[in-house]
Amino acid sequence: MKKDIIALIGAVLLLLVSLFAFRGVLFEKYLEEITGKMFVAADRDDFDPGLPKGTAFPAIRASYRGREISDISEFLGERGMIFIANRSVDWCPYCMRQLVELQAQLAGFHEAGIGVVAMTYDAPELQQDFIERYGIEIPLLSDIDASSVQTLGILNTEYEPGDHH
């Protein structure tokens with residue numbers, strides 16, 4: 001009986017060590033599983049928040065590398081820029097996966113002369129954890145008090161600040 005308990009404890013410990021060792025791979029598989037069908041080939045609904053086409057990009061209020069910025073023109077490429085507004089790279093698997101996949105294509109955007117910049121309402125230290133974990137080189141702005149998403153007309157009012165939905 002004593003040998004069976006020792007064997008069981010050993011098996012549980014081995015399982016825990018294995019889960020810890022493969023936590024990164026397991027997390028990636030988890031993200032892939034829950035976000036696998038999130039991308040669509042075309043926009044087919046009438047939900048078009050934000051700035052009307054052709055509108056100049058307004059001043060924002062965000063922080064980047066310890067400084068407050070209001071103008072994102074420093075991120076422009078020779079042929080324009082892609083601006084991504086996400087909720088969170090701390091807890092939102094869809095937001096995380098979107099930026100990881102965009103990062104994989106970043107060189108192609110740069111070769112085409114297109115700058116890429118993203119913004120979340122996460123605190124800079126939470127963003128830094130994500131940046132380091134996934135090797136993100138896309139400039140990641142921190143929206144101060146969600147003021148930028150309000151200015152852009154894309155604030156989701158169904159959730160309170162801090163909601164993890």
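Glu-101 is partly exposed, at a relative accessible area of 32% (buried means under 20%, exposed over 50%, partly exposed in between, with a 1.4 Å probe and protein chains only). Its partner Arg-97 counts as buried, at 18% relative accessibility. The two side chains meet in a salt bridge at 2.6 Å, N to O (a side-chain nitrogen of Lys or Arg within 4 Å of a carboxyl oxygen of Asp or Glu). Arg-97 and Glu-101 sit four residues apart in helix H3, so about one helical turn separates them. Helices (H or I, at least four residues) and strands (E, at least two) are DSSP runs, numbered from the N terminus.

A word on the ground rules: this is a predicted model, where local features need pLDDT of at least 70 and side-chain atom pairs count only at pLDDT 80 or more, while totals for chains, interfaces and linings use all residues. Residues are numbered from 1 along each chain as its sequence is written, and side-chain values use heavy atoms, leaving out hydrogens and water.

The structure holds four salt bridges, including these:

| Pair | N to O distance |
|---|---|
| Arg-97 and Glu-101 | 2.6 Å |
| Glu-74 and Arg-67 | 2.6 Å |
| Asp-145 and Arg-61 | 3.4 Å |

Asp-145 lies in the loop between E5 and helix H6, and Arg-61 in the loop between helix H2 and E1, so this pair ties together parts 84 residues apart in sequence. Asp-145 counts as exposed at 64% relative accessibility, whereas Arg-61, at 34%, counts as partly exposed. Both belong to a salt-bridge network with Glu-68.

On to the strands. E1 and E5 run antiparallel, joined by two bridges, with Ser-63 partnering Ser-142. E4 and E5 run parallel, with three bridges, and there Met-119 partners Leu-141. For strands to pair, DSSP must find at least two bridges between them. Along E5, Leu-140 and Ser-142 point one way, Leu-141 and Asp-143 the other, and all are buried.

What about the inside? The largest nonpolar core has 15 residues, and Leu-99 and Phe-130 are among those touching the most other members. A core here is a set of buried Ala, Val, Leu, Ile, Met, Phe, Trp, Tyr and Cys residues joined through side-chain atoms within 4.5 Å. Helix H3, strand E4 and helix H5 each give two or more residues to this core. Apart from it lies another core, of twelve residues, including Tyr-64 and Val-149.

Helix H1 is another story: it is hardly covered, with zero buried residues among its 20.
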